[in-house]
Amino acid sequence: MTREEENNDMETPATAPPAGATEAPMGALSQLIQEANDKGLSYGDMANRAVDPDTGTRLVKQALQKLVKTPPVNPPSLPQMRAIANAIGRPLRHVQEATARQWLQYEATELAGYDEEVRIIVGHLAGKSKAELVRWRYMIEAEERARRESGH
């Protein structure tokens, strides 16, 4: 896919709301871009910085404006997200999380300060029911108690 084709993917607008419908709240990625603009970063300045260092993919001013005003149906690609991160001066992780919230209604939870084992355990438990989570919590707490009581 060429850079132009990638930019064109983002230019396909989402369907307009029916007449008389209330406008949906601004999506998370749209908000990140709007916040950068509100803090004094012009769309032109963002476009000058909107380059993916890995692929050279660039986003033009109009593509950034469209992400705020009339977001496309499809989310940006990874090179486009890296370009957006550069454009607004935010870590790629923030742009990826905002993209997931806006297009997939997926809420990412950061586990800063924990190792890979803890993240794997939390990821494994993420889909469990409330009853299953309570059962796992009791098992973990019982194991901790037994270890303390045995002196280990």
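**A walk through an all-helix model**

Let's start with the overall build: the protein has eight helices and zero strands. Read from the N terminus, the elements simply go α-α-α-α-α-α-α-α. Keep in mind that this is a predicted model. Its mean pLDDT is 82, with 80% of the residues at 70 or more.

Now look inside. Of the 152 residues in the protein, 28% are buried. The largest nonpolar core holds 23 residues, and the ones with the most contacts inside it are Leu 29, Ile 33, Met 46, Leu 64, Ile 84, Ile 88 and Val 95. Who supplies this core? At least two residues come from each of H2 (28–38), H3 (43–49), H4 (61–69), H5 (78–88) and H6 (92–104). H5 gives the largest share, six residues.

Ile 88 is a good spot to zoom in on. Once you set aside its neighbours within four places in sequence, Ile 88 is in contact with Leu 32, Ile 33, Ala 36, Leu 41, Met 46, Arg 49 and Val 95. Zooming back out, take the contacts between residues at least 6 apart in sequence: 63% of them join residues at least 24 apart.

On the outside, the accessible surface comes to about 10200 Å², and carbon and sulfur atoms account for 54% of that.

Finally, a word on the N-terminal end. Residues 1–6 stay under 50 in pLDDT, and the model gives them 10 contacts beyond four places in sequence. Residues 12–18 also stay under 50, with nine such contacts. Where pLDDT is low, the predicted coordinates shouldn't be read in detail.

How values were computed. Residues numbered from 1 in each chain as written. Predicted model: local features only at pLDDT ≥ 70, side-chain atom pairs only at ≥ 80, totals over all residues. Heavy atoms only, no water. Core = buried A, V, L, I, M, F, W, Y, C linked by side-chain atoms within 4.5 Å. Buried < 20%, exposed > 50% of the residue type's maximum accessible area, 1.4 Å probe, protein only. Helix = DSSP H or I, 4+ residues; strand = E, 2+ residues; numbered from the N terminus. Contact = heavy atoms within 4.5 Å. Areas by Shrake-Rupley, 256 points an atom, 1.4 Å probe, with all protein chains shown as cover. pLDDT = per-residue confidence, 0-100.
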